[in-house]
Amino acid sequence: MITQQAPLTLALPKGRMAEKCATFLAASGLSVPTTDDDRLLIIENESGTVRHIMTKPTDVPTLVEYGAADMGICGLDTLRESGGNVFEPLLLPYEYCRLSVCGVANQPHPQLRYMSQPRVATKYTNLASQFFQERGINAEIIKLHGSVELGPLVGLADLIVDIVSTGTTLRVNGLVEIRTIMESQAVVIANPASYRLKSTLIQDALDRMRQALKTIDAEKAAVSRGKL
Ligand code: PRP
């Protein structure tokens with residue numbers, strides 16, 4: 001048997017998704033990034049078989065596409081925005097949200113196709129441009145890096161394209177969803193070359209993840225049976 005070269009390198013998102021990723025890796029019996037120093041960017045497990053790269057969520061697809069990481073976990077929204085050429089072997093049951101076109105509440109929203117050159121604030125410039133172009137709408141896309149909901153509130157934009165999860169941010173800022181562009185959830189991605197060259201390591205990690213998903217499903221089913 002050929003022993004494939006360790007370590008297996010995983011790009012993981014810092015911030016909101018980090019804890020859920022760590023919980024899922026632990027449930028899969030895989031190495032979890034642990035450090036006393038939250039500014040450390042590369043964390044290797046004790047045996048040196050797994051290396052975690054902690055990065056901004058939007059950079060996970062880039063690191064995996066270019067082979068800096070063999071695998072990664074990110075949101076489908078981030079992956080589609082990046083357009084990265086990676087494999088997507090497994091969807092994960094968390095970080096559910098949708099990417100939507102939103103506008104100010106209690107205002108008549110004309111059919112989007114009748115809007116002439118709407119200004120649209122977003123972090124997702126590629127997906128937003130594609131959405132409006134496909135509908136023949138000549139939108140002006142304005143890039144914001146966060147708190148996108150500010151756009152219509154300060155007169156910067158007519159609409160926003162942003163992530164809606166619980167809907168709380170929209171509600172408290174007096175905005176409403178007008179159209180859903182895509183549904184999103186967490187996804188495991190892999191570099192196509194690593195997928196071949198480190199197939200044993202990657203398939204073993206994926207098998208463990210699939211097994212954890214089965215256990216999670218079984219536990220959910222047991223809970224819902226208990227409620228009936
Ligand atoms: C995201 C998104 C919305 C919010 C939606 O923002 O951009 O603002 O979450 O979540 P909700 O529907 O549950 O309220 P994030 O927290 O990533 O911060 P940001 O706006 O600075 O990007």
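Start by selecting Arg-16, Lys-20 and Glu-95: a network of salt bridges links these three residues. Keep in mind as you click around that this is a predicted model.

**Zoom out**

Now show the whole protein chain as a cartoon. You should be able to find 8 helices and 9 strands in it. Measured out along its principal axes, the C-alpha trace spans about 65 × 50 × 35 Å. The chain has 228 residues, and buried ones make up 43% of them. Turn on the surface next: the protein chain exposes about 12,700 Å², and carbon and sulfur atoms supply 50% of that area.

How much of the contact list comes from residues 24 or more positions apart? Among contacts in the protein chain with a separation of 6 or more, such pairs account for 71%.

**Salt bridges, one pair at a time**

The network you began with belongs to a bigger topic, as a search of the whole structure finds 9 salt bridges. Let's visit a few.

Select Lys-198 and Asp-70. They form a salt bridge, and their closest N and O atoms are 2.9 Å apart. Follow the chain from one partner to the other and you'll see that the pair links distant parts, 128 residues apart. Lys-198 sits in the loop between helix 7 (192-197) and helix 8 (199-227), while Asp-70 sits in the loop between helix 2 (60-65) and strand 4 (71-75). Are these two residues buried or exposed? Lys-198 counts as buried because its relative accessibility is 16%, and Asp-70 counts as buried because its relative accessibility is 5%. The cut-off behind both calls is that buried means under 20%.

Next, select Arg-80 and Glu-88. Their side chains meet in a salt bridge, at 3.0 Å from N to O. Arg-80 has 37% relative accessibility, so this residue counts as partly exposed. Glu-88 is partly exposed too, with a relative accessible area of 37%.

For one more pair, select Arg-135 and Glu-134. This salt bridge has its closest N and O atoms 3.8 Å apart. Arg-135 counts as partly exposed at 42% relative accessibility, whereas Glu-134 is exposed, with a relative accessible area of 57%.

**Meet the ligand**

Hide the surface and centre on the ligand. How many residues surround the ligand? There are 13, and the closest are Lys-123, Glu-149, Asp-162, Thr-166 and Thr-169.

Try these selections one after the other, with the ligand drawn as sticks:

- Ser-147: a polar backbone atom of this residue is 3.0 Å from an oxygen atom of the ligand.
- Ser-165: one of its backbone N or O atoms lies 2.8 Å from a ligand oxygen atom.
- Thr-169: here the side chain takes part, with an N or O atom 2.4 Å from an oxygen atom of the ligand.

Taken alone, the ligand exposes 490 Å², and the protein buries 71% of that.

**A nonpolar patch on the surface**

Bring the surface back and colour Leu-150, Leu-153, Val-154 and Leu-156. Together they form a nonpolar patch on the surface, with about 340 Å² of accessible area. Pick out Val-154, which lies in the loop between helix 5 (150-153) and strand 8 (159-164). Val-154 counts as exposed because its relative accessible area is 57%.

**Two last stops**

Go to strand 3 (residues 50-55) and select Thr-55. At 10% relative accessibility, Thr-55 counts as buried. Which residues does Thr-55 touch, leaving out those up to four places away in sequence? Show Leu-12, Pro-13, Lys-14, Val-60 and Leu-63 to see them.

Finish with Leu-40, in the loop between helix 1 (18-27) and strand 2 (42-44). Leu-40 counts as partly exposed, with 39% relative accessibility. Not counting residues up to four places away in sequence, Leu-40 touches Thr-35 and Met-54. Then draw a distance from the C-alpha atom of Leu-40 to that of Arg-196: these atoms are separated by 29 Å, and the two residues are 156 apart along the chain.

Terms used:
Residues are numbered from 1 along each chain as its sequence is written. This is a predicted model: local features need pLDDT of at least 70, side-chain atom pairs count only at pLDDT 80 or more; totals for chains, interfaces and linings use all residues. Side-chain values use heavy atoms; hydrogens and water are left out. Patches are made of residues with over 30% relative accessible area and no salt bridge: like charges are joined within 9 Å, nonpolar side chains (Val, Leu, Ile, Met, Phe, Trp, Tyr) within 5 Å. Accessible areas come from the Shrake-Rupley method with a 1.4 Å probe; for residues, only the protein chains shown count as cover. A salt bridge is a side-chain nitrogen of Lys or Arg within 4 Å of a carboxyl oxygen of Asp or Glu. Helices (H or I, at least four residues) and strands (E, at least two) are DSSP runs, numbered from the N terminus. Buried means under 20% relative accessible area, exposed over 50%, partly exposed in between (1.4 Å probe, protein chains only). A residue is near a molecule or strand if one of its heavy atoms lies within 4 Å of it. A polar contact is a pair of N or O atoms within 3.5 Å; within protein, one must be able to donate a hydrogen and the other to accept it, and residues adjacent in sequence count only if both atoms are side-chain atoms. Contact means heavy atoms within 4.5 Å.
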